[in-house]
Amino acid sequence: MNKNIVPHDYQISKEDRQKLKKHNSFLLWFTGLSGSGKSTIANVVEQELFRLGINTYSLDGDNIRKGINSDLTFSPEDRTENIRRIAEVANLLVDAGIVTLAAFVSPYKKDRENIKSVVKDVNFVEIYVNTSLEECERRDVKGLYKKARAGEIKNMTGISAPYEAPENPDIEINTEEVSVEIAVKQILDYIRPKLQLKNE
């Protein structure tokens with residue numbers, strides 16, 4: 001850290017913000033291939049949490065790359081920087097007392113480990129949306145796989161760039177076997193205890 005940077009000691013803590021909001025805050029990190037269903041599932045999870053009165057915010061790959069990370073490419077180095085910045089933004093949101101949902105391909109194990117170290121283990125829920133490449137290509141929601149196969153897109157995860165699947169995710173969802181509704185229930189069942197404040 002630059003020696004001229006001195007963090008200011010603010011008096012309102014993360015715990016204070018969580019008490020005001022009446023629930024804990026943490027990061028739900030959805031990882032998986034493009035077209036796996038990450039954003040679809042995250043969107044429904046957020047709707048359910050909102051309905052329960054939980055303060056939420058969603059970070060999504062396309063939205064982030066249009067704004068804060070619009071200067072980054074899809075090279076391995078820029079992918080790492082993309083995830084590093086998102087981890088820092090997510091950490092600020094969790095500190096603000098907000099349950100944060102992040103849906104990103106995040107193909108590299110080391111980058112996901114870095115997220116965990118930034119937000120801390122206790123605040124990190126890794127959700128692996130496990131959908132086969134064949135199924136993602138069949139869906140090809142954004143037409144990216146077709147372009148990648150035609151050589152129009154370089155560094156496409158699953159085609160010309162690797163995807164390192166999580167070995168021990170907190171939650172694993174196979175979208176070829178379960179519906180979005182079942183996936184959402186699985187996630188909500190897992191996080192309900194984490195939402196409870198200690199004194200409740």
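The buried residues of helix 2 are covered by a set of elements that includes strand 1, strand 2 (56–60), strand 3, strand 4, strand 5 and helix 8. The model is a predicted one, and helix 2 is a handy place to start looking at it. The buried residues in question are K38, I41, A42, V45, E46 and L49. Looking down the axis of helix 2, these buried residues sit within an arc of 135°, so they line one face of the helix. On the face turned away from that buried side, helix 2 carries the exposed residues F50 and R51. As for its length, helix 2 runs for 14 residues and spans 20 Å from its first C-alpha to its last, close to the 20 Å expected at 1.5 Å a residue. After helix 2 comes G53, with a positive phi near 85°.

Now for the packing. The largest nonpolar core is made up of 22 residues, and those with the most contacts inside it are L28, F30, I41, V45, L49, I127 and I187. At least two residues of this core come from each of strand 1 (27–31), helix 2 (38–51), strand 3 (99–103), strand 4 (124–129), strand 5 (171–173) and helix 8 (180–195). Helix 8 chips in the most, with 6 residues. Three of the residues named above as buried in helix 2, I41, V45 and L49, thus turn up again among those with the most contacts inside the largest core. In soluble globular proteins, nonpolar side chains tend to be buried together.

I127 gives a closer view of the contacts. Once its neighbours within four places in sequence are set aside, I127 touches L28, W29, F30, T31, I171, I173 and I187. Apart from the largest core there is another one, built from 17 residues that include I86, A87, F104 and V118.

Two residues elsewhere stand out for their backbone angles. K22 is not a glycine, yet its phi is positive, at about 65°. K22 is found in the loop between helix 1 (14–21) and strand 1, and it is exposed, with a relative accessible area of 59%. N155, also a residue other than glycine, has a positive phi near 55°. The loop that holds N155 runs between helix 7 (144–149) and strand 5. With a relative accessibility of 28%, N155 counts as partly exposed.

Terms used:
Residues are numbered from 1 along each chain as its sequence is written. This is a predicted model: local features need pLDDT of at least 70, side-chain atom pairs count only at pLDDT 80 or more; totals for chains, interfaces and linings use all residues. Side-chain values use heavy atoms; hydrogens and water are left out. A nonpolar core is a set of buried Ala, Val, Leu, Ile, Met, Phe, Trp, Tyr and Cys residues joined through side-chain atoms within 4.5 Å. Buried means under 20% relative accessible area, exposed over 50%, partly exposed in between (1.4 Å probe, protein chains only). Helices (H or I, at least four residues) and strands (E, at least two) are DSSP runs, numbered from the N terminus. Contact means heavy atoms within 4.5 Å. The expected span of a helix is 1.5 Å times one less than its number of residues. The arc is that of the directions from the helix axis to the C-beta atoms.
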